Amino acid sequence: MTRTQERAEDTCRLVYQCRLPLSTSTVNHLADLLRRRLKAIRSRWRVLPPGRIAVIVLAVLRHDQRLADMADGNNVSESTVRRRRDELIALLAAQAPRLDRALKKVAKQGEEVVLIDGTLIPTQRRTGKANRRNHSGKHHYHGLHFLALTDERGRLIWISAARPGRTHDITAARHDHILAHLRAAGLGALADLGFRGLDNDPRDPVVVTGFTATRTHKLTPGQKTANRVPVVGRAPVEHGFAHLKNWRILTKLRTDPDRATQLLRALLVLTNLEIKR
């Protein structure tokens, strides 16, 4: 069978328009990042202007548009769109705050508590041993595990590196030394029962999780009442994850898992740009 790139005589290229629900300031921020990058590497020419490239990349991230579709609609190659996407993601990820600096900034603003939680971003099923590592027994599908911190209003301040989907929240928190960073910044944290056991200091606990019942020990009325406090206080962290997952590229990651950390941190920066406007 012979493959040909020629179109049939009765077909034509169709281009449609769609709305990009993002602010102009976000588009300008990406365009300015690219302009500074081009100036730094002394690149005098690109196929498309920085503003047009920013809109294309944002459409890929927000609507999960296929690269081939965006390339065909803008008269460029798919590899060009891929390179520009990876370039802007790297520039945005470099602006994501480090854990220690993020916590110090929250402490300087006069806040005393942050919210911590983990989430699973779905991915395509992989072959080999990586398939088992990325399968979450809790959620019953394949994905990558991330930890995130928000302030009391639910604004994302930090996101961890990507880990296999089977990783437990406590394991990820211990690997990132969350407890030590919280003590250094003088902050406390509200977490769900999945983090119970992370902080075993009975006199000066930093992470508050609430009480859990067992087969032999039922919760007292006082403990049940006390459990409502962290549940209500943790509600904004779910709003933070909801804002992050508005980027439809996270519906199911098709990128290399090694690049997922960079992608999530880039989306963290974009999410905060949209919330602050």
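1. A convenient place to start reading this predicted model is residue A40, which belongs to helix α1, the helix that covers residues 24-40. A40 has a relative accessible area of 62%, and because exposed means over 50%, this residue counts as exposed. If you then look for H177, you will find that A40 and H177 are separated by 137 residues in sequence and by 36 Å in space, taken from C-alpha to C-alpha.

2. H177 itself deserves a careful look, since it sits in the loop between α7 and α8 and has a phi near 55°, a positive value in a residue that is not glycine. Its relative accessibility is 51%, and therefore, with exposed meaning over 50%, H177 counts as exposed. As background, most residues other than glycine have a negative phi.

3. N75 can be read alongside H177, for N75 also has a positive phi, of about 60°, although it is not a glycine. N75 is found in the loop between α3 (67-73) and α4, and at 60% relative accessibility it counts as exposed.

4. How do the axes of helices α2 and α4 cross? The axes of α2 (residues 50-63) and α4 (residues 78-93) come within 10 Å and cross at roughly 85°, and the two helices are therefore roughly perpendicular to each other. In this contact, I53, A54, I56, V57, V60 and L61 of α2 meet V81, R84, R85, L88 and I89 of α4. Sorted by class, the contact of α2 with α4 has nine nonpolar residues, two charged residues and no polar ones.

5. L61 of α2 leads on to the interior, where the largest nonpolar core has 48 residues, and where the residues with the most contacts inside this core are L61, L250, L263, L267 and L270. Setting aside its neighbours within four places in sequence, L270 is in contact with T26, L30, L58, L61, L92 and W247. Apart from this core lies another, made of 23 residues, among them L99, L147, A185 and V207.

6. Helix α5 (99-108) has L99, A102, L103 and V106 as buried residues. These residues cover an arc of only 95° around the axis, which means that they lie on the same side of α5. The face of α5 turned away from that buried side carries the exposed residues R101, K104, K105 and K108. As for partners, the buried residues of α5 pack against β1, β3 (141-150), β4 and α8. Just after α5 comes G110, which takes a positive phi of about 90°.

7. Which residues of helix α8 are buried? In α8 (residues 178-185), they are I178, L182 and A185, and when the helix is seen down its axis they fall within an arc of 70°, so they line one face of α8. These buried residues pack against several elements, including α5, β1 (113-122), β4 (156-159) and α7 (169-175), as well as β6 (188-190) and β7 (207-208). Just after α8, G186 takes a positive phi of about 75°.

How values were computed. Residues are numbered from 1 along each chain as its sequence is written. This is a predicted model: local features need pLDDT of at least 70, side-chain atom pairs count only at pLDDT 80 or more; totals for chains, interfaces and linings use all residues. Side-chain values use heavy atoms; hydrogens and water are left out. Axes are lines fitted to C-alpha atoms, for helices over the stretch in contact, and angles run from 0 to 180 degrees between N-to-C directions. Helices (H or I, at least four residues) and strands (E, at least two) are DSSP runs, numbered from the N terminus. Angles under 35 degrees count as roughly parallel, over 145 as roughly antiparallel, 65 to 115 as roughly perpendicular and the rest as oblique. Contact means heavy atoms within 4.5 Å. Ala, Val, Leu, Ile, Met, Phe, Trp, Tyr, Cys and Pro count as nonpolar, Asp, Glu, Lys and Arg as charged, and the others, Gly among them, as polar. Buried means under 20% relative accessible area, exposed over 50%, partly exposed in between (1.4 Å probe, protein chains only). The arc is that of the directions from the helix axis to the C-beta atoms. A nonpolar core is a set of buried Ala, Val, Leu, Ile, Met, Phe, Trp, Tyr and Cys residues joined through side-chain atoms within 4.5 Å.
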